[in-house]
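Q: Got a minute to look at something with me? I'd like to talk through a few spots in it.

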Amino acid sequence: MPVNNRGTGTRRLARWWPAAALTALLAAPFSALPLPGLLDGPIGSPGNLQLMSLCLLFGALATGYDLLLGRTGLLSFGHALYFAGGTYATNTFMLEAGLPFAVSALLGLLFGVVLAALLGSVSLRVSGIRFSMVTLAFAQAGSILAERNPGGVTGGEEGRAAPADRLPAGLIGIEHTVNLYWVALAYLVFTLAAVQWAVRSPAGRVWEGIKENERRVEVLGLRPYGFKLVAFVLAGALASLGGIVHLLLTGGATPQTTTSDFTLSLLVMVVLGGSGSRWGPLVGGVLYTWADHRLTDLAGSGSVADLPAVLRVPLSQPLFLLGVVFVVIVRLLPGGVVRIPERIAVARARRRATATPRASARSASP
Amino acid sequence: MSTVVLLVFTGLGLGALYFLVASGLSLIFGLMDVLNFAHGALLSVGAYATWWAAAGHLPGAGTGGAGFVLAVAFGTAAGTLAAVLLELTVIRPLYTRPRDQVLATVGVGLAVPALLSAVWGADARPFPGPRALSGTFGLFGARIPVNRPVLIAAALLVLIVLKLFLTRTRHGLVVRAGVEDRAMVTALGTDVRKAFTLVFAIGGAAAALAGAFSGLYFGSVDPGQGTSLLIFAFVVVVMGGMGSTAGCALASAVVGLVQQFANYCTTAGLGDLSVVVLLAALLLTRPRGLTGRLA
């Protein structure tokens, strides 16, 4: 049947698209192609590379965060803490102890892991939405600490710039933006591989069981607490690694990364793209970061300034638009952006009104 | 001695603010399993509406006497209306998807403060409190700001009204039964959805009132105020045992007092941290909260 053939054809193509996307990402810095509307100027320009690096970083970060939300069913509102922990600890080791970057990064990662293990073991004593609230409280404490600037270590509301003399020379300066892009891409590939490996491991199956029905896992004789803690620490480790990459990308630690808004934006990314899927959080993170930057540009542009106040005022706030888009996505598009092709296919199948039981079963399932 | 009296009043005043935010949050959660992340936004709506009315935009409202009462009433009404709108347009369509309800309130909680800062700026606006509430009075040698006891009285009043509503009225009965066992109430043929809207309205009113009073307490309103108060309200709700109004009141007082005393005894800012340490200690010893209820 021709329909079936086309189905397997697209499916075979679909299996190869990650490789194609990776090739495109590897080629991007060498391309001078302009993408009007999407990016400002040629792809390979330092500004665009910087934006793309941030997109990749946040795509990876959202993927790591989804290890908790989409894979284990843990709604943590304190993920910013481990991200900012990695950033601040690494920066502080360089600034205060005078250690070289590589050593500081290792210690920063260790700091993030220990912090996640410590706070995770406390907050996992409660479950469900109370877990969310407790993680939020811990993260808020971290945020307050960073803003109060204890001992002049965190730099308070200004944050602190990374010391240029401690960083590898190839990672500073606008002419080396492409190297930072490679770092962000490497972090993304590493995170994707780590998450994929973890969810396919035996522990990953237990996580899935916990997400579906925690009581049943308990009845099977497994203690969910330990498995949840492993997921929490792994996600925390990936987040602090991301924090270190962010330190390199932005050249410093800022208290904005410690706020609850930061965690909430991670949540928005994951849900926007599609929680619990392999590519969803990545797509969501890239989309969110791109939209956030482009909307900020749009808000400052002349065409918005000329609009009547009713339109201009909300358009000048990217967070307002993102919040509204988020509500709309949650409401109208459960499963996120990555489910759109599937939904279109289902809608088409329904319209074709085929009598085959498989097609009708598929259209009935979501 | 005088310092202790002042700290007690300041701490209880802050606790009163936490109670106003947390009581609605706790009721909504207890009944609907929805952690309302937009609750801080409702507080901000109340705060800005009160400020807007008191600044002379509403005829009859002002910064003194009956005019200020009218402004607070307007702010509370605005918050209530916003809560009902939120329930009808965002929460109710997601009735069968509890987690998505929480996520949707996160979106609203991001969008509303952004909109407020787009309209009135991101900086704090001075809050025009009435002169009668801006002075201090002497007690045991301490100069206590008048607004502290007013806040405490307002919170006590809300506590009593809530208790009476929950225990003495038919609607309260439905809400209480819904908190205990939603499925059973539905099965008995009571429309829990009406109770949802009602509880959202009550929660919104309390949050908006908290917004008006936070203007008095801090002397200013800013778009982020709701969110920062919300986080302490979360701590209060977890500590108080979810869905329990009395536990909420107790935890609010404890959190407010601990925060103020810690701020005074150590350097400023450690008070906020001590609250989180308190929460961690409570979780390690009594994971079900002060009242021992399992929500």
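A: Sure, let's go through some aromatic pairs, a helix and a loop residue; keep in mind that this is a predicted model.

Q: How many aromatic pairs are there over all chains?
A: Searching the whole structure gives twelve. One of them is Tyr48(B) with Trp120(B), which is stacked, at 5.4 Å centre to centre and 20° between the planes.

Q: What does that pair tie together?
A: Parts of chain B that are 72 residues apart in sequence, because Tyr48(B) lies in helix α2 (residues 39-57) and Trp120(B) in helix α4 (residues 98-120).

Q: And Tyr48(B), buried or exposed?
A: Tyr48(B) is buried, at 2% relative accessibility. Trp120(B) is partly exposed, with a relative accessible area of 24%.

Q: Which residues form an aromatic cluster in chain A?
A: Phe58(A), Phe83(A) and Phe262(A) form one.

Q: Switching to helix α8 of chain B: what's its reach?
A: From first C-alpha to last, α8(B) spans 38 Å over 27 residues (192-218), close to the expected 39 Å. The helix is mostly covered, with 21 of its 27 residues buried.

Q: What comes just after α8(B)?
A: Gly219(B), with a positive phi of about 80°.

Q: Last one: where does Ala162(A) lie?
A: In chain A's loop between β1 (160-161) and α6 (177-200). Ala162(A) counts as buried, at 14% relative accessibility.

Q: What is Ala162(A) in contact with, leaving aside neighbours within four places in sequence?
A: Asn91(A), Met94(A), Leu167(A), Leu247(A), Gly251(A) and Gly252(A).

Key
Residues are numbered from 1 along each chain as its sequence is written. Chains are lettered from A and ligands numbered from 1 in the order in which they are written. This is a predicted model: local features need pLDDT of at least 70, side-chain atom pairs count only at pLDDT 80 or more; totals for chains, interfaces and linings use all residues. Side-chain values use heavy atoms; hydrogens and water are left out. Rings of Phe, Tyr and Trp (its six-membered ring) pair if their centres lie within 6.5 Å; planes under 30 degrees apart count as stacked, over 60 as edge-to-face and the rest as tilted. Helices (H or I, at least four residues) and strands (E, at least two) are DSSP runs, numbered from the N terminus. Buried means under 20% relative accessible area, exposed over 50%, partly exposed in between (1.4 Å probe, protein chains only). The expected span of a helix is 1.5 Å times one less than its number of residues. Contact means heavy atoms within 4.5 Å.
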